[in-house]
Each structure stands twice: as structure tokens, then as C-alpha cells.
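Dear colleague,

I am handing over a structure for your attention. Please look at the sequence and the model before reading the notes beneath them.

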Amino acid sequence: MTSHWILGPGAIGRLLAHSLSPLADITLVGRRTLPTLQTITTPEGEARSQHLNVITTSQLIANTPAPPAFVHITTKAMAAEAALESVAGVIPATTPLVLWQNGFLAQPRLTERWPEPVLCATTTEGAYLTGDDGVFHAGRGHTFVGDLTNRHGALAQRLAHQLSRAGLAATAVDDIHSRLWQKLAVNAAINPLVALNGIRNGELCGAAYAGRVEAVVEEVAAIMRAEGIQAPNGGSGLDAWLALVWDVIEKTANNKASMLQDVEGKRLTERGAILGPLIESGERRGVGCEVLLGLDGELAVLEAGF
């Protein structure tokens, strides 16, 4: 049976663990002790409980199991390098990593740092935590898997097949770089606004917020054009980017975005990983990013009060 270590028992980490556990040997690793009996609530409202192998990092180091087939890093972007460092001494350098971070900060850094395969996953699956023992799968989406160097297509195919068998629709792709930037656009349009306003994704469709969503996407589309990133779904221009963002908002309407979860927990957000690369690109290429800078500033003020 294929083994997977999942570093980070957050919403995506637990969704992966619940989904893969019937098909694979799963070890879910966190910094603190969590209940082994974990419950997932499906998008249809069905609650399913199962015992998961949930351990702390110190327990993993003290009693290291056999090396896994994959190490999934599902922490926040700013914690990804530390998560890898915590297990680097007990896994072979040939162990494939799978990075699930939002934004485009951890992926290039860890791809350069780790000597062997590093896959990147970008997903529109919606999930949020309901406590130490629960996760709500708020919306079904699709996951794309690939690597930034386009050298590990067969491995990406293997992982995508396992995810799909586990009920998480997935496709291996050779353009993960562009897809990560596309997900960055979606994150930038959704996460800051829901976090600042304390709302679910679907509420962005309302008159109070739709204009701000479109203003963000307009800036992002211009930055993507300057970066040479192809518009999504074979489209072109601003309309294609707007269509992508509104489609994700509709499909994850009931989701509580990760940045909102961070704000509610009074934790630092991933604004640096989501807004940071876009702002840096806009400033470097002379593309206006006043709206993005404004959101970043608002989030900084909010974080300062934690």
C-alpha cells in the first residue's frame, strides 16, 4: 500500500488524509496533539468519522516509520520551509515532495532546495476546519499536479491517479507554472476580501463586494498579461479572468477561505505569498497595482491588532 506523510493537519491536510486513508497508509503530522478520531462533513452534509494516524512532529522523529512514497506539505506558505526542515533528516533525498501552498512563494524556493522530485498541486477543493477533530468539505473542485521543471510527468500522473481514485478529481499537467499563477489570481480576488469583511466566498457576488472583486481582477489580469501568463480556459483578456474567478466563487460559495480562517484565529495571513508576488511583478513591470497594495495595507493593519 502506498504511504503518504501529510505535514500540516489544516483543512487541506485533513481533507487529503480522509480521502486517501481508504487507499493508502496515511500519517498526518502536526506540531501539537490532535484526536485520532476525526470527522469529515461532505458537501452533501454527511458526517463521516474515522481513526487517522495523527501524530506530532516530535513523535515522528522519535519513532520514524518506513520512508513514504510522497511527503505532502500542506502548511501555510510561510511555514512550508520549516515543515520540510523538520523531517528532512529522516527521509531520503529521493522522496517526492508535493506542495499545496497558496500563492507563489514556497514552490520555487523548495523546488530549488530539494534535490529530488518536487510536485506542485493547485486545487479548487474548498474545505475549512470545524475544530480539532473536524473538517468541512465545503465544495468539490479540481486539482492539477505538475512540476516547475517539467521533468516528472510520470510521477505527477501517478499522484493524480491516486487522488482521483480517492474522490479528489485530479489531472497531471505540464503547465503547472501557469496554473499556479492562475490560482494566485483567484486567491487574490477572494481571500483578502472575505478575510477583511468576515464573509463566505459566495457573498462576494453581492452588490457590496462585486465591484471590488472586479477591480482586483482587472489589476491581476494586467499583471498576468505583462508576465506572459496565458488567460485561463483558452480565453483571452479580462473577461477570461473574470469568468474564472466568478466560477470558483460560485463553486465554493459556502467555503470559509483560508485567509478568513486565519483572521478568525488571529493568525498571520498568507498575504505575502498571495498578494506579494503580484505586487512585486506589477511594480517591476510598471503595471498599476493600487488596489492590491490597498488590500495588502488593510490586511497588515488587521494583523497588527492580533
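The notes below describe the sheets, the helices that pack on them, the enclosed spaces, an aromatic pair and two backbone features.

Please bear in mind from the outset that this is a predicted model.

The sheet of eight strands

One open sheet has eight strands in the order S5-S2-S1-S6-S7-S8-S11-S12, and its pairing is mixed. At its edges stand strand S5 (54-56) and strand S12 (170-172), each of which pairs on one side only. From one strand to the next, the twist averages 25 degrees. Within this sheet, strand S1 (residues 3-7) pairs with strand S6 (residues 70-73) in the parallel sense, over four bridges. As a point to locate in the model, Ile6 stands opposite His72 in S6.

Helices pack on this sheet. H1 touches S1, strand S2 (25-30), S6 and S8, and its direction makes about 160 degrees with that of S2. Helix H3 (residues 80-87) touches S1, S6 and S7, with a direction at about 145 degrees to that of S6.

The sheet of four strands

A further open sheet has four strands in the order S4-S3-S10-S9, again with mixed pairing. Strand S4 (47-51) and strand S9 (126-131) are at the edges and have a single partner strand each, so one side of each is left without a neighbour in the sheet. Here the twist averages 25 degrees from one strand to the next. Strand S3 (residues 37-41) and strand S10 (residues 134-139) run parallel and are joined by three bridges. Ile40 has Val135 in S10 as its bridge partner.

Helix H1 (residues 11-20) appears in this setting too: it lies across S3, S4, S9 and S10, and runs at about 95 degrees to S9. The helix that packs on the eight-stranded sheet therefore also lies across strands of the four-stranded one, as its listed contacts with S3, S4, S9 and S10 show.The cavity

How many cavities of 30 Å³ or more does a search of the whole structure find? The search finds one. The volume of this largest cavity is about 50 Å³. Its lining consists of Ile12, Leu15, Leu16, Trp100, Thr123, Glu125, Thr143 and Leu168. H1 gives the most to this lining, with three residues. By type, the lining residues of the largest cavity divide into five nonpolar, two polar and one charged.

The second largest pocket

The second largest pocket holds about 360 Å³ of space. Its lining is made up of 18 residues, and those nearest its centre are Thr124, His142, Phe144, Leu244 and Val248. At least two lining residues come from each of strand S8 (118-123), helix H6 (176-197) and helix H8 (237-251). The lining of this pocket divides into five nonpolar, eight polar and five charged residues.

Aromatic pairs

Two aromatic pairs are found in a search of the whole structure. One of them is formed by Phe104 and Trp181; this pair is tilted, with 5.7 Å from centre to centre and 45 degrees between the planes. Phe104 lies in the loop between strand S7 (97-99) and helix H4 (106-113), while Trp181 lies in helix H6, so the pair ties together parts that are 77 residues apart in sequence.

Two backbone features

Most residues other than glycine have a negative phi. Against that background, which residues deserve a look?

- Asn150 is not a glycine, yet has a positive phi of about 55 degrees. Asn150 is in the loop between strand S11 (143-146) and helix H5 (153-165).
- Asn233, also not a glycine, has a positive phi of about 55 degrees. Asn233 is in the loop between helix H7 (207-227) and H8.

With kind regards

Definitions and conventions:
Residues are numbered from 1 along each chain as its sequence is written. This is a predicted model: local features need pLDDT of at least 70, side-chain atom pairs count only at pLDDT 80 or more; totals for chains, interfaces and linings use all residues. Side-chain values use heavy atoms; hydrogens and water are left out. Two strands pair if DSSP finds at least two bridges between them. Axes are lines fitted to C-alpha atoms, for helices over the stretch in contact, and angles run from 0 to 180 degrees between N-to-C directions. Contact means heavy atoms within 4.5 Å. On a 1 Å grid over the protein atoms alone, a cavity is a set of points where a 1.4 Å probe fits but cannot get out, and a pocket is an open set with protein on both sides within 12 Å along at least five of seven lines; lining residues have an atom within 4 Å of a point. Grid points are joined across faces, edges and corners, and a volume is the space filled by probe spheres set on the points. Ala, Val, Leu, Ile, Met, Phe, Trp, Tyr, Cys and Pro count as nonpolar, Asp, Glu, Lys and Arg as charged, and the others, Gly among them, as polar. Rings of Phe, Tyr and Trp (its six-membered ring) pair if their centres lie within 6.5 Å; planes under 30 degrees apart count as stacked, over 60 as edge-to-face and the rest as tilted.
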